[in-house]
Amino acid sequence: MSARAPLRTCLGCGQRDAKTAMRRVAITENGLEPEEVRGRGGYLHNREDCWRAFLKRKSLYRAFRRDLPRGDREDLVEKLRAQWGGK
Ligand SMILES: [Zn+2]
């Protein structure tokens with residue numbers, strides 16, 4: 001990881017890491033989508049632990065400018081499991 005690599009904060013564990021070590025998720029008209037470039041979103045590690053932490057977060061307002069119902073977050077985690085597999 002280069003010292004110049006842009007850092008992002010994981011929406012799950014809350015730690016900062018290289019943008020390249022994480023995956024982007026964003027809000028679309030269909031709800032939360034993985035790997036969506038447009039729209040307000042954030043970053044998550046490709047780790048089951050971080051996804052679980054993401055589900056437990058009380059407020060995600062800072063990242064998304066709105067709170068997300070738990071059902072929306074569960075849908076996203078299902079997509080992440082299907083697409084990324086987790087570790
Ligand atoms: Zn994380």
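Guide: Strands in this model are DSSP runs of E, at least two residues in length, and they are numbered from the N terminus. With that in hand, we can place our starting residue: G31 sits in strand β4. One thing to keep in mind is that the model is predicted.

Visitor: Thanks! Is G31 buried or exposed?

Guide: The way to read this is by relative accessible area, where buried means under 20%. G31 has a relative accessible area of 18%, so G31 is buried. The chain also brings G31 and R73 to 9.0 Å from each other, C-alpha to C-alpha, with their positions 42 residues apart in sequence.

Visitor: Let me step back. How many helices and strands does the chain have?

Guide: There are three helices and five strands. Going along the sequence, they follow the pattern β-β-β-β-β-α-α-α. The radius of gyration of the chain is 12 Å, close to the 12 Å from the globule rule for 87 residues, so the chain is as compact as a globular protein of that length. As for extent, the C-alpha trace spans about 35 × 25 × 25 Å along its principal axes.

Visitor: What share of the residues is buried?

Guide: Of the 87 residues in the chain, 38% are buried. Contacts offer another view: among those with a separation of 6 or more, 44% are between residues 24 or more positions apart. The accessible surface comes to about 5600 Å², and carbon and sulfur atoms hold 44% of that surface.

Visitor: I see a metal in the picture. Which residues coordinate the zinc ion?

Guide: The donors are C10 (SG), C13 (SG), H45 (ND1) and C50 (SG), at 2.1 to 2.4 Å. In sequence these donor residues are spaced C-x2-C-x31-H-x4-C. Two of the zinc donors, H45 and C50, are buried.

Visitor: What geometry does the site of the zinc ion have?

Guide: Start with the general idea: the ideal angle for four tetrahedral donors is 109.5 degrees. In this model, the angles among the four donor atoms run from 101 to 117°, and the site is tetrahedral.

Visitor: C50 turns up again in a helix, I think. Which residues of α1 are buried?

Guide: Helix α1 covers residues 48-56, and its buried residues are E48, C50, W51, F54 and L55. They cover an arc of only 160° around the axis, which puts them on the same side of α1. The general idea behind such a pattern is that an α-helix has 3.6 residues a turn, so residues three or four places apart point the same way. On the other side of α1, D49 and K56 are exposed.

Visitor: And what covers the buried residues of α1?

Guide: The cover includes strands β4 (31-34) and β5 (41-45), together with helices α2 and α3. That list contains β4, the strand where we met G31.

Visitor: Now the loops. Where is R65, and what is its phi?

Guide: R65 is in the loop between α2 (61-64) and α3 (70-83). Its phi is near 65°, a positive value in a residue other than glycine. With a relative accessible area of 48%, R65 is partly exposed.

Visitor: What about R66, and which residues does it contact?

Guide: R66 also lies in the loop between α2 and α3. R66 is partly exposed, at a relative accessible area of 37%. Setting aside neighbours within four places in sequence, R66 is in contact with I27, L60, Y61 and D72. The zinc donor H45 is 21 residues from R66 in sequence and 21 Å from it in space, C-alpha to C-alpha.

Visitor: Two loops flank β4. Where do N30 and G39 fall?

Guide: N30 lies in the loop between β3 (22-28) and β4, while G39 lies in the loop between β4 and β5. N30 counts as exposed, at 62% relative accessibility, and G39 counts as partly exposed, at 41%. The C-alpha atoms of N30 and L7 are separated by 28 Å, with the two residues 23 apart along the chain.

Visitor: And which residues are in contact with G39?

Guide: Neighbours within four places aside, G39 is in contact with R24, A26 and I27. From G39 to I27 the C-alpha distance is 5.8 Å, and they are 12 residues apart in sequence. I27 is also one of the contacts of R66.

Note on methods. Residues numbered from 1 in each chain as written. Predicted model: local features only at pLDDT ≥ 70, side-chain atom pairs only at ≥ 80, totals over all residues. Heavy atoms only, no water. Donors = N, O, S within 2.8 Å, 3.2 Å for Na, K, Ca; no water. Tetrahedral: all angles 85-135°; square planar, octahedral: opposite > 155°, others 65-115°. Buried < 20%, exposed > 50% of the residue type's maximum accessible area, 1.4 Å probe, protein only. Helix = DSSP H or I, 4+ residues; strand = E, 2+ residues; numbered from the N terminus. Rg over C-alpha atoms; globule rule 2.2 N^0.38 Å. Contact = heavy atoms within 4.5 Å. Areas by Shrake-Rupley, 256 points an atom, 1.4 Å probe, with all protein chains shown as cover. Arc of directions from axis to C-beta.
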